[in-house]
Amino acid sequence: MNWRTINIDLLDPESPANFSIATLSPPAPPVSASEVQSLSSQIKQLLRGGDSEGALRGALENPPYGGDAAAKEVHLATVVEILQSIKQSEMSPMLTRIYDSEGGVEVLDVLMKYLYKGMSHSSKPSSTSTGSMSPQPTGFSQIHSRGGGEGGGQAMSVLLSWHEKLVEMAGPGSIVRVMSDRRTV
């Protein structure tokens, strides 16, 4: 018998090999894209009515953890639209009110998830940008967008501003909770 080929993890009762990793994330009820779309329209109605804090709260208190990719994209677009509509001078007071309310820490953690997801989406090159490469005299190609101006950069700036204010309010613990949470938005 070769002792080096024995899998000792199978003999340890506390080893991850002996339990399903699926039990680490809580079950999320399935959410359809149409449900997310109707919630999005309700939230946008609040935003048009001038209740930006209510719109932000409504979006963050109902994340579609059990939704498919399309539902999550619709909700992400709604959250980013809300964040872009809020003035920078209103960020800190709004975050303070949310933080001090019942369940505020969890709501701010969901906001942190959306900030990271929004940053990851705005940094991905779009499929249309590959056709807009212009060769430079240096031999390198410069990629630029047509007609979009600084739309992606402006969205990134807003998300980074929110991230800064959120870390000031909730501390670095929010980042750790978001990175270790298995539920994705």
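This short talk walks through a predicted model of one chain, from its overall layout to its core, its salt bridges and a surface patch.

Let's start with the layout. The chain has 7 helices and 2 strands. In sequence order, the pattern runs α-α-α-α-α-β-β-α-α. So five helices come before the two strands, and two helices follow them. The chain has 185 residues, and 33% of them are buried. About 11400 Å² of the chain is exposed, with carbon and sulfur atoms supplying 56% of that area. Now take the contacts with a sequence separation of 6 or more. Of those, 73% are between residues 24 or more positions apart.

Next, the inside. The largest nonpolar core has 33 residues. Which of them touch the most other members? They are Leu56, Leu83, Leu111 and Trp162. Six helices each supply at least two residues to this core: helix 1, helix 2, helix 3, helix 4, helix 5 and helix 6. Helix 5 covers residues 104-122, and helix 6 covers 151-170. Helix 5 gives the largest share, 8 residues.

Stay with Trp162 for a moment. Set aside its neighbours within four places in sequence. What is Trp162 then in contact with? The list is Leu56, Leu83, Ile86, Met91, Met94, Leu95, Leu111 and Leu115. Note that Leu56, Leu83 and Leu111 are on that list, and they appear with Trp162 among the core residues that touch the most other members.

Now the charges. There are 6 salt bridges in the structure. I'll go through some of them.

Take Glu81 and Lys44. They form a salt bridge, with the closest N and O atoms 3.5 Å apart. Glu81 sits in helix 3, residues 69-85, and Lys44 sits in helix 1. The two are 37 residues apart, and the pair links distant parts of the chain. Glu81 is partly exposed, at 34% relative accessible area. Lys44 is partly exposed too, at 26%.

Next pair: Glu53 and Arg97. Their side chains meet in a salt bridge at 2.8 Å, N to O. Glu53 is in helix 2, residues 52-61, and Arg97 is in helix 4, residues 88-100, so this bridge ties together parts that lie 44 residues apart in sequence. Buried or exposed? Glu53 has a relative accessible area of 17%, so it counts as buried. Arg97 has 43%, so it counts as partly exposed.

Third pair: Arg57 and Glu61. Again a salt bridge, with the closest N and O atoms 3.5 Å apart. This one stays inside helix 2. The two residues are 4 apart, so about one helical turn separates them. Arg57 is buried, at 18% relative accessibility. Glu61 is partly exposed, at 45%.

One more group. Lys113, Asp181 and Arg183 are linked in a network of salt bridges.

Last stop, the surface. Met1, Trp3, Ile6, Ile8 and Leu11 form a nonpolar patch there. Together they have about 680 Å² of accessible area. Where is Trp3 found? It is in the segment before helix 1, and helix 1 spans residues 33-48. Why does Trp3 count as exposed? Its relative accessibility is 66%, and the cut-off for exposed is over 50%.

To recap the two tryptophans: Trp162 is one of the core residues that touch the most other members, while Trp3 is exposed and belongs to the nonpolar surface patch.

Note on methods: Residues numbered from 1 in each chain as written. Predicted model: local features only at pLDDT ≥ 70, side-chain atom pairs only at ≥ 80, totals over all residues. Heavy atoms only, no water. Patch = residues over 30% accessible without salt bridge, like charges linked within 9 Å, V, L, I, M, F, W, Y side chains within 5 Å. Areas by Shrake-Rupley, 256 points an atom, 1.4 Å probe, with all protein chains shown as cover. Salt bridge = Lys/Arg side-chain N within 4 Å of Asp/Glu carboxyl O. Buried < 20%, exposed > 50% of the residue type's maximum accessible area, 1.4 Å probe, protein only. Core = buried A, V, L, I, M, F, W, Y, C linked by side-chain atoms within 4.5 Å. Contact = heavy atoms within 4.5 Å.
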